[in-house]
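User: I'm new to protein structures and would love a close look at one part of this model: its empty spaces and the places around them. Please explain each term as you go.

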Amino acid sequence: MSDDPRAQLLPAIHAARSGAASGGIPIGSALFIDGKLIATGHNRRVQDGSVIHHAEMNCLENAGRLPAADYARATLVTTLSPCDMCTGAVLLYGIPRVIIGENRTFLGGEELLRSRGVDVTVLDDPECTEMMTTFIASHSALWAEDIGQDATEGTM
């Protein structure tokens, strides 16, 4: 696979669409090491009744145990700006590069990642934005739950 960020976003978009098709939240992620796709994942909180299976966490779970040297050469791609939990996983495992599809519907820990030396690229991808705006409009309470907000607080 290419090191082109837009090309690397495609498996994450496919994972997001798969998650939505199975009744979940349309957020997807992909892990690359040395430009090779290692794993994908999607938000599985609804499907699994899980508190932690955000797309990035699910992707890392699907990749299995990896040595630190592999993480040091990795790129984590996500369709949506990573929340604090997923940002923490990037920092914990020393993943040096994160590619984000969009951050208009949710702005996560990008500045924390940058402050810790992570190379963060935001693609502002219209397909990723459309997936989330459509989902949020029709499932606002579920979205609020996913990002740890009270549904009455507003989400955007």
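Analyst: Happy to help, and one definition comes first: a residue is buried under 20% relative accessible area, exposed over 50% and partly exposed in between, using a 1.4 Å probe and protein chains only. This is a predicted model, where local features need pLDDT of at least 70 and side-chain atom pairs count only at pLDDT 80 or more, while totals for chains, interfaces and linings use all residues. Residues are numbered from 1 along each chain as its sequence is written, and side-chain values use heavy atoms, without hydrogens and water.

Let's start with Arg44. With a relative accessible area of 22%, Arg44 is partly exposed. Arg44 sits in the loop between β2 and α2; helices (H or I, at least four residues) and strands (E, at least two) are DSSP runs numbered from the N terminus. Beyond its neighbours within four places in sequence, Arg44 is in contact (heavy atoms within 4.5 Å) with Gly49, Ser50, His53 and Asn58. Met57 lies 13 residues from Arg44 along the chain, and their C-alpha atoms are 9.5 Å apart.

His53 and Met57 take us to the largest pocket, because both belong to its lining, a pocket being an open set of points on a 1 Å grid over the protein atoms alone, with protein on both sides within 12 Å along at least five of seven lines, and lining residues having an atom within 4 Å of a point. Also in that lining are Ile52, Leu60, Glu61, Gly64, Arg65, Leu66, Tyr71 and Tyr93. The volume of the largest pocket is about 230 Å³, a volume being the space filled by probe spheres set on grid points joined across faces, edges and corners. Helix α3 (residues 55-63) supplies the largest share of the lining, three residues. By type, six lining residues are nonpolar, two polar and two charged; Ala, Val, Leu, Ile, Met, Phe, Trp, Tyr, Cys and Pro count as nonpolar, Asp, Glu, Lys and Arg as charged, and the others, Gly among them, as polar.

Helix α3 also has a helix partner. α3 and helix α5 (residues 84-93) pack at about 35°, with axes 8 Å apart; axes are lines fitted to C-alpha atoms over the stretch in contact, and angles run from 0 to 180 degrees between N-to-C directions. Glu56, Met57 and Leu60 of α3 meet Met85, Cys86 and Ala89 of α5. This contact involves five nonpolar residues, no polar ones and one charged. Met57 and Leu60 appear here as well as in the lining of the largest pocket.

Glu56 leads on to an enclosed space. A cavity is a set of points where a 1.4 Å probe fits but cannot get out. The structure holds one cavity of 30 Å³ or more, and the largest cavity has a volume of about 80 Å³. Its lining includes Glu56 along with Ile27, His54, Leu80, Ser81 and Cys83. Phe106, Trp143, Asp146 and Ile147 line the cavity too. The cavity lining divides into six nonpolar, two polar and two charged residues.

Finally, two loop residues deserve a glance. Asp34, in the loop between β1 and β2, has a positive phi near 55° and is exposed, at 53% relative accessibility. Asp124 lies in the loop between β5 (119-122) and α7, with a positive phi near 50° and a relative accessible area of 35%, which makes Asp124 partly exposed. Most residues other than glycine have a negative phi.
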